[in-house]
There are 2 protein chains.
Amino acid sequence: MDSWMEEAIVEAKKSLEQGGIPIGSVLVYRNRIIGRGHNQRVQKGSSILHGEMDALENAGRQPAAVYRECTLYTTLSPCPMCSGAILLYGIPRVVIGENETFRGSEELLKQYNVSQTVLQDPVCQALMHRFIQRNPGIWQEDIGV
Amino acid sequence: MDSWMEEAIVEAKKSLEQGGIPIGSVLVYRNRIIGRGHNQRVQKGSSILHGEMDALENAGRQPAAVYRECTLYTTLSPCPMCSGAILLYGIPRVVIGENETFRGSEELLKQYNVSQTVLQDPVCQALMHRFIQRNPGIWQEDIGV
């Protein structure tokens, strides 16, 4: 498997160990991680720090030219908010661990020519399946259901 | 003018006084502000805390049923990221101070039947015009240009 996705999974597992939702992301620029993060709903009581948003935030303020060469690796298909952030910054490529648990705004990203690769990785899937089984309410809250 | 928009403007002016981008928002639930905030790019070095996102974050974790009765007041037309957050949480109404400086994802919000009212408020416009004239680079960074 893609080694950057392994780093996103490290983030997802870190979140799980903290009692949080196991979704992680890394933002890669020129073969280097410039931001990494995971869902912070439980840990920080955050409604906006999804894994992708946390990785973007931890990358700090970047010029547009940097985002335009980045790839975002995320263990789960990005929701409307995270997809909107991808569009705002013109991130051209997203690698998605799985979209079986949740299918985000892939159609919207496609409309704007964002390249998407879905790995259907069993580790990403198992992390989510187990979490949702034990914490259905937290998961529903995270996707606005 | 709508008194909730006045509160969003208070947030925008607070940001300006701090040296930040003058965009503010308030999230209103049953005639009460449950979250308020402003752009934090300069103040916190944040790439994700637009005014709307800051207000959502400051509202804390809310159940879906609350968002579904909320109105988001924001001094400027919401960008793709903030529009995505509105869609994620199913916020049904947005009141926009102005969309002359920047027109966000109003078409996308319309597709999902989000009610939008644009006030074209001269105070909101003047705040942005003056800021952009003095800080064009910070503004461009904020919208991914």
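1. A crossing of two helices is called left-handed if the near helix is turned anticlockwise from the far one by less than a right angle, and right-handed if clockwise. In this predicted model, helix H1 of chain B passes helix H7 of chain B in a left-handed crossing.

2. The geometry of that pair is as follows. H1(B) and H7(B), the latter spanning residues 122-134, have axes that come within 11 Å and cross at roughly 15 degrees. Angles under 35 degrees count as roughly parallel, and H1(B) and H7(B) are therefore roughly parallel to each other.

3. Which residues meet where H1(B) and H7(B) are in contact? From H1(B) come B:Met5, B:Ile9, B:Ala12, B:Lys13 and B:Leu16, and from H7(B) come B:Val123, B:Cys124, B:Leu127 and B:Phe131. By class, the residues of this contact comprise eight nonpolar, no polar and one charged.

4. Chain A holds a corresponding pair of helices. Helix H1 (residues 3-17) of chain A packs with helix H7 (residues 122-134) of chain A at an angle of about 15 degrees, their axes being 10 Å apart. That makes H1(A) roughly parallel to H7(A). The crossing of H1(A) past H7(A) is left-handed. A:Met5, A:Ile9, A:Ala12, A:Lys13 and A:Leu16 of H1(A) meet A:Val123, A:Cys124, A:Leu127 and A:Phe131 of H7(A). Here the contact residues divide into eight nonpolar, no polar and one charged.

5. The sheet of chain B deserves separate comment. Its five strands form an open sheet, ordered E2-E1-E3-E4-E5, with mixed pairing. Strands E2 (32-38) and E5 (115-118) of chain B each have a single partner strand and stand at the edges, so one side of each is left without a neighbour in the sheet. From one strand to the next, the twist averages 15 degrees.

6. At one end of that order, strand E4 (residues 93-96) of chain B pairs with E5(B) in the parallel sense over four bridges. B:Arg93 stands opposite B:Ser115 in E5(B). Helix H1 (residues 3-17) of chain B packs on the sheet and touches E1 (24-29), E2, E3 (70-74) and E4 of chain B. The direction of H1(B) makes about 25 degrees with that of E2(B).

7. Is A:His50 buried or exposed? A:His50 lies in the loop between helix H2 (41-44) and helix H3 (51-59) of chain A. Because its relative accessibility is 6%, A:His50 counts as buried. Apart from neighbours within four places in sequence, A:His50 is in contact with A:His38, A:Asn39, A:Arg41, A:Cys79, A:Met81, A:Cys82, A:Asp142 and, from chain B, B:Leu88.

How values were computed:
Residues are numbered from 1 along each chain as its sequence is written. Chains are lettered from A and ligands numbered from 1 in the order in which they are written. This is a predicted model: local features need pLDDT of at least 70, side-chain atom pairs count only at pLDDT 80 or more; totals for chains, interfaces and linings use all residues. Side-chain values use heavy atoms; hydrogens and water are left out. Two strands pair if DSSP finds at least two bridges between them. Helices (H or I, at least four residues) and strands (E, at least two) are DSSP runs, numbered from the N terminus. Axes are lines fitted to C-alpha atoms, for helices over the stretch in contact, and angles run from 0 to 180 degrees between N-to-C directions. Contact means heavy atoms within 4.5 Å. Angles under 35 degrees count as roughly parallel, over 145 as roughly antiparallel, 65 to 115 as roughly perpendicular and the rest as oblique. Ala, Val, Leu, Ile, Met, Phe, Trp, Tyr, Cys and Pro count as nonpolar, Asp, Glu, Lys and Arg as charged, and the others, Gly among them, as polar. Buried means under 20% relative accessible area, exposed over 50%, partly exposed in between (1.4 Å probe, protein chains only).
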